[in-house]
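Hi there,

Here is the structure I promised to pass on. Have a look at it first, and then read on for what turned up.

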Amino acid sequence: SLSGTPWKRFPELSKHLKGHRVGELTILTGPTGSGKTTVLSELSLDLCLSGVRTLWGSFEIMNQKLGRTMLQQLSGIDFQNEGMEHFDAFANVLENLPLFFLGFHGTQHLPQVLEAMRHASFVYDIKHVIIDNLQFMLGVGGSSDNRVAMMDQTYAAFRQFATQMQVHITLVIHPRKEDDSMALQTASIFGSAKATQEADSVLILQKDGASVKRSLQITKNRFDGQVGIVPLSFHKDSLTFSGVHGPMGRSVEENLALYRSASSHNPRVNSAPTPSTDSDFSPESSLAAGFSSELASVSVPLSPAGATPVVKRPTSVSVPLSPAGATPVSKQSTSRSVMPSPAGKAPVRKQPREQGGHLPGATPLNPKSKNTKQR
């Protein structure tokens, strides 16, 4: 019987894992080019449609590209080749899902990532965090021993975070370099054995040569020990692995009605955000320029108990964590970032790095950008 949220598009996966549960750590690996991000995108989209509030940390692929993939998986329509007739309708559905994105990209320091995750969990009540992928996030270099030690510390930190914050963390890790003709094993995961020791579930996306056929192999299932293989097949038009693609046996209008019903029962926030008077931001127009290069960092400072959260879209914002029980303080700066400081002391201003300078915070995605409306 199920003990967590089921995947409706992947019933066989639900059958094996008994659903998606908070407080667990899942590791996903697979060969380069096998479609790890694409399959994880569809898995997370499936859960979002069931109300699982999800935070994506995409350190390898830009959020704009990830958003386009999700829109195509949601609709089953390749809008660039099939026209824009239903674009706005599906984009509205995607925008209203409880789906958020970290403003990071490329190499980042682990404490910064954990701080952003903690803030998003606190403010947005996140229940599923995706890190794609660990090697890009850490930018591991130096000696082999240093790389392994750094990754082991990261596994332990994510494991502790999942337990303490009661969220599910899905961690994408590239495998070791091995013979492409050989199927991957649990031991193929990069790093030491600590990764699989800390994980509750280990999933391997197996690739069948140049074929569109894939399989999701479950090699560890701490919940009840059931392992097995879930057959998958890639559908290029919809970028899906579930077989749920195209009209899905229903008209586009029927799909829209179904998705609108799901998103209305699982809103992004508990109450509608109130735009600030000193910003051109409004929830109707844009939560972030998700499909353009102007992706902004958005912070939602907590307001008094029972009040509506205040959403602002400044040029650059960080929300340093305040002492336990206090309200995070949002500060605005155009050229500097406000970094967290020890309790009781004033924030310390530091210049951001040239690369990876996005500040901690969760960025909701708006798929409706003029840059993508090309016929």
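Let me begin with a loop: asparagine 133 sits between β4 (128-132) and α7 (134-138). Its peptide bond with aspartate 132 is cis, with omega at about -5°. Please keep in mind that this is a predicted model, so treat such details as properties of the prediction.

Another backbone detail is at aspartate 125, in the loop between α6 and β4. Aspartate 125 is not a glycine, yet its phi is positive, at about 55°.

Next, the helix packing. The axes of α3 (residues 63-75) and α5 (residues 87-96) come within 10 Å and cross at roughly 110°. With that crossing angle, α3 is roughly perpendicular to α5. On the α3 side, the contact is made by Gly67, Met70, Leu71, Leu74 and Ser75. Facing them from α5 are Phe87, Phe90, Ala91, Val93 and Leu94. Sorted by character, the residues of this contact are eight nonpolar and two polar, with no charged ones.

You may also like the aromatic side chains. Searching the whole structure gives four aromatic pairs. One of these joins phenylalanine 59 and phenylalanine 104: the ring centres are 6.4 Å apart and the planes are at 15°, so the pair counts as stacked. Phenylalanine 59 belongs to the loop between β2 (54-58) and α3, while phenylalanine 104 belongs to the loop between β3 (99-102) and α6 (110-124), so the pair ties together parts that are 45 residues apart in sequence.

Finally, the empty space inside. How many cavities of 30 Å³ or more does a search of the whole structure find? There are two cavities of that kind, and the largest holds about 140 Å³ of space. Its lining has 17 residues, and those nearest the centre of this largest cavity are Trp7, His20, Thr26, His168 and Thr170. Two or more lining residues come from each of β1 (25-29), α2 (36-48), β5 (168-172) and β6 (201-207). Which element gives the most to the lining of the largest cavity? That is α2, with four residues. As for character, the lining of the largest cavity has seven nonpolar, eight polar and two charged residues.

Happy browsing, and do write back with any questions.

Best wishes

Notes
Residues numbered from 1 in each chain as written. Predicted model: local features only at pLDDT ≥ 70, side-chain atom pairs only at ≥ 80, totals over all residues. Heavy atoms only, no water. 1 Å grid on protein atoms, 1.4 Å probe; cavity = no way out; pocket = protein on both sides within 12 Å on 5 of 7 lines; lining within 4 Å. Points joined across faces, edges and corners; volume = space filled by probe spheres on them. Nonpolar A, V, L, I, M, F, W, Y, C, P; charged D, E, K, R; others polar. Axes fitted to C-alpha atoms, helices over the stretch in contact; angles between N-to-C directions. Parallel < 35°, antiparallel > 145°, perpendicular 65-115°, else oblique. Contact = heavy atoms within 4.5 Å. Phe/Tyr/Trp six-rings, centres within 6.5 Å; stacked < 30°, edge-to-face > 60°.
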